[in-house]
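This report covers part of one protein chain: its backbone exceptions, a sheet and the helices around them. The sequence and structure come first.

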Amino acid sequence: MFLLLRRVDECAEARKPLWLIAAASVGGLGIWATHFVAMLAYHGSIAVNFDWLVTGLSALVAVGGVLESLRLASRKSLVGSILAAVVLAGTVAAMHFLGMMAMQGLTRQEYDFSMLIGAAVFAVGAFWLAYVGQRSGIRGLRQVAPGLLVSAGIVVLHFSDMAASSFVVDATVSAHGADDASRIWLVGAICAIAAISACGSVAAVVLDRYLTDLRGMTEAYIEGVAIVRDNRIIDLNARFRDIVAFDGAVSAMTGMDPEKLLLPVDGQKVLGNREGIAEATLVNGPQERSLEFAVRTVEYRGRPTQVLAVRDLTATRQAQRQIEHLANHDPLTGLANRTLLNLRLERAISVAGRADASLAVMALDLDRFKAVNDLFGHSAGDQVLRTVAAILRECTNDVDTVARIGGDEFIIVQVGQSQPKAAEQLAKNIQRAFKRDFNPHTNPMSVGVSIGVALYPDDGDNGDALRHCADIALYRAKSTGRGITASYSTEMDQELRERRRMEAELRQAIRRKQLRTAFQPLVRAETGAVVGYEALLRWHHPELGEVPPSVFIPIAEESGAINTMGEWVLRSACRAAAQWREELSVAVNVSAVQFRRRNFADRVFAVLEETGLAAHRLELEITESVLLQDEALSREMLHALKAHGVRIVIDDFGTGYSSLSNLRTFQFDKIKIDRSFIAAMSEDKHARAIVRSIADLGRNINVPVLAEGVESKEQQDMIAADGCTHAQGYFFGRPSEVTEAQAGNVVSLDSAKRRA
């Protein structure tokens, strides 16, 4: 009974009532059989017969009472267990009294109720302990103790009831008792029925548990499993049906031939003689589905049978392909990455070498891409990169390799065509597509492209050499003017080596004391009186001689050496100016690269404190490109410098990114007109008109205007007449070691003319 009760807890909800009835039948009949056999064992002075109708009713009462008791016990609560024990004790008592009523020949005369009550209390306690023990986690206690406790309660109730009763002979009943042999047969039959009922129920539990759990376990497999005998499926799980994409019920697949479902990749039959796992596709179904299967021979239902296990690898293969794609491609553009590029480039060189053919390696770099990122944000920059990738795919063939190897750096490997004509044509197509899709007149996020080309085998015989040559050619294209294509030559390599050498020498120039500071006077335009000097950096190399600033300043900015050099110039200029008269100022040019350093303003304040120069005597000259790289940070830094007393001068006004909005949003202390306008004033009325307009603008917003590059008396008269307040140029003095600055001399116009 308790074994069946545990099955109630284990089985599916739909089968619980059936197992509960089975447990009640086994328990009730067992209790009834125990009682009836005990009654048959009674030997008195008169033979006793039984009323079979009442006896059968007692069996039904036993089954019904046990069913209700088990239903209450299944609640798994303290109250439920107590109620179940009370009901079971009452059931046993009711069955016993019905059994006594069925006796013919004896009449119960009187009872000892104290004994009956004691037996009932004992039975309720035993039954309650049995139900509690049945839910115990202790295996032995759960399996043995409940049965012993229920048996003890039944026996105590039965024999206590018998002992508490007094019987007399019923003279009205003529009893014809059975002989001993008949009693033995009757007892044996009753015991056999009870035993068969109990054993059959136990067997049903085992089989149900085995078959149900086996089926449940099989259905839980991620693999599809089919049992095959004589090339026909005799059993399978639902997963097998799903994997082979069968459109129908699982039972409908019984009797099907596996050969009509799977197509092994190795060409053998599905149930053929093979070792290990094989791959297959579907005969009828999605062809992109990838499967693997294995066949094993087992004994099933007493006969050798084959088990076909199938696993769906489609998702795994797709994930593997995705991983491989991510490992070899740029996630943003979908182009090949550096790893795949190197692999394909070496393969292309190997093929070209065997075929005595040529190929081209093209290095591409976007022009103005950093400005797009700074002005419009990285999401806009990403969209530009995706558009560029689409252009490159459009312009190349399927056999070519297009790779993104850096932020805005791309590489194309062009194969299978006659070089260098094919590379030249491809470069033209790319430039044409860029002008079409990135029109600067209609697209504010327009970018250009510079291209460097290297050829195999002329420029290199391996991937690294070709990439190096293409990079050198790209450098030439960008330094020449951007937006153009350059092909590699050995002269480029030599020039780059010289540039790299100069870069290395420049980094050592301060330590080797090769740098010096020259000063050029800044004067009032009308009188020629010196009001200050501009500090200019000079580099004298022992081998290269006097290196022009136009040569080494771009190299210093590109290499980052300008930060160290700029601070050195600032310190040198401030130290010199601190020795001048109080009314003289010093101007120092500041590179946009220096402004990228967040601590630039702090470094300026430290130099002023170190040299003792008053902040209002220092002028920092910047170009408007400074405001483009990080406008918020740049303006914050400019406001900090100005708040400290440092004067800010806008340099080269009228060229590049000149914008009146900058004059509106920031109060500059001086405007410097670019020298190109001053040089053209005499012959170009438009240039003079621009100078006059800038001078009027400065007067209207109360900002001094300085004209640089004044080289003649005529130019001096013109800028003075047009309203420029200050001037600078060879007419007033060349950059030099200024001893007169230390004395604070005032330069007259006549002496200025003689010096010029």
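Proline 457 sits in the loop between strand E14 (448-456) and H14, and the peptide bond that leads to proline 457 from tyrosine 456 is cis, with omega near 5°. Helices (H or I, at least four residues) and strands (E, at least two) are DSSP runs, numbered from the N terminus. The model is predicted: local features need pLDDT of at least 70, side-chain atom pairs count only at pLDDT 80 or more, and totals for chains, interfaces and linings use all residues. Residues are numbered from 1 along each chain as its sequence is written, and side-chain values use heavy atoms, with hydrogens and water left out.

A cis bond also links glutamine 419 to proline 420, with omega about 10°. Proline 420 belongs to the loop between strand E13 (409-414) and helix H13 (421-437).

Two loop residues other than glycine have positive phi values. They are listed below with their accessibility class (buried is under 20% relative accessible area, exposed over 50%, partly exposed in between; 1.4 Å probe, protein chains only).

| Residue | Phi | Loop | Relative accessibility |
|---|---|---|---|
| Aspartate 356 | near 55° | between helix H10 (338-355) and strand E11 (359-367) | 73%, exposed |
| Arginine 368 | near 70° | between E11 and helix H11 (369-376) | 46%, partly exposed |

E11 and E14 are both members of an open sheet of 5 strands, ordered E12-E13-E11-E14-E15 with mixed pairing. Strands count as paired if DSSP finds at least two bridges between them. Strand E12 (401-404) and strand E15 (485-487) are at the edges with a single partner strand each, so one side of each has no neighbour in the sheet. From one strand to the next the twist averages 20°. E12 and E13 run antiparallel and are joined by 4 bridges; alanine 403 is opposite isoleucine 411 in E13.

H10 lies across E11, E12, E13 and E14, at about 150° to E11. Axes are lines fitted to C-alpha atoms, for helices over the stretch in contact, and angles run from 0 to 180 degrees between N-to-C directions. Contact means heavy atoms within 4.5 Å.

Helix H14 (residues 463-480) and helix H15 (residues 490-508) have axes that come within 10 Å and cross at roughly 75°. The two helices, H14 and H15, are therefore roughly perpendicular (65 to 115 degrees; under 35 is roughly parallel, over 145 roughly antiparallel, the rest oblique). On the H14 side, His468, Ile472, Ala473, Tyr475 and Arg476 meet Met492, Asp493, Glu495, Leu496 and Arg499 of H15. The residues of this contact divide into 5 nonpolar, 1 polar and 4 charged. Ala, Val, Leu, Ile, Met, Phe, Trp, Tyr, Cys and Pro count as nonpolar, Asp, Glu, Lys and Arg as charged, and the others, Gly among them, as polar.
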